[in-house]
Amino acid sequence: MNKTLIALLAGLALLTAPVHAEENPAVVDALSGYMDFAEYGSSLIWPEQIPKEDWKKVFIVDARDAAQFDKEHIPGAINIDWRQAVARRAELPKDRMVVMYCNSGSLSAQAVFALRLLGYENVKVLQDGIEGWKAKGGFEAHARASAPAGH
């Protein structure tokens, strides 16, 4: 069974299942099938992997709530609360990389997992979220990581 069909079945089963229902064999099979073919790290990206000039090509999504987004966000980001990622998936381009982040990467990872089940293979989690991005130098993270270590 191909990955798209598996993702579709999983998504439909999840939407029709009660929140605290017994295990649904169709959901378990669909998720297991997806996990069997998911490549390690395929949905993760670190700030130092994106050169400064390439950030302009990335569609950046801040998955935190509106108050946190208003307080600070990565320049160029749009705000889609992680709980709304599936409902607002039509706003995401499919023809370029989408990087989603939250404070640490845990909530955005849940949204990315759901989107990838739905076939959005171009969506990635910014590892360590905005806090990691800031700690590693923001848009300069790639240059800092590529620079020779000082002694």
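In this predicted model, Lys-134 has a relative accessible area of 35% and is therefore partly exposed. Its salt-bridge partner is Glu-131, with 3.4 Å between the closest N and O atoms. Glu-131 also counts as partly exposed, at 40% relative accessibility. Both residues belong to helix H5, where a spacing of 3 residues places them about one turn of the helix apart. Elsewhere, Glu-48, Asp-128 and Lys-136 are joined into one network by salt bridges that share partners.

In total, 9 salt bridges are counted. One of them pairs the side chains of Lys-52 and Glu-140 at 2.9 Å, N to O. This pair connects distant parts of the chain, 88 residues apart: Lys-52 sits in the loop between strands E1 and E2, and Glu-140 in the loop between helices H5 and H6. Lys-52 is partly exposed at 46% relative accessibility, and Glu-140 is partly exposed at 32%. A further bridge joins Lys-57 to Asp-54, whose closest N and O atoms are 3.3 Å apart. Here Lys-57 is exposed, at 55% relative accessibility, whereas Asp-54 is partly exposed, at 25%.

Turning to the interior, the largest nonpolar core comprises 14 residues, and Val-61, Leu-92, Val-98, Met-100, Leu-115 and Val-123 have the most contacts inside it. At least two core residues come from each of strands E2, E4 and E5 and helix H4, with H4 giving the most, 3 residues. Beyond its neighbours within four places in sequence, Val-98 contacts Phe-59, Val-61, Leu-92, Pro-93, Asn-122, Val-123 and Lys-124. A second, separate core has 13 residues, among them Ile-50, Val-58, Phe-69 and Ala-77.

Key. Residues numbered from 1 in each chain as written. Predicted model: local features only at pLDDT ≥ 70, side-chain atom pairs only at ≥ 80, totals over all residues. Heavy atoms only, no water. Core = buried A, V, L, I, M, F, W, Y, C linked by side-chain atoms within 4.5 Å. Buried < 20%, exposed > 50% of the residue type's maximum accessible area, 1.4 Å probe, protein only. Helix = DSSP H or I, 4+ residues; strand = E, 2+ residues; numbered from the N terminus. Contact = heavy atoms within 4.5 Å. Salt bridge = Lys/Arg side-chain N within 4 Å of Asp/Glu carboxyl O.
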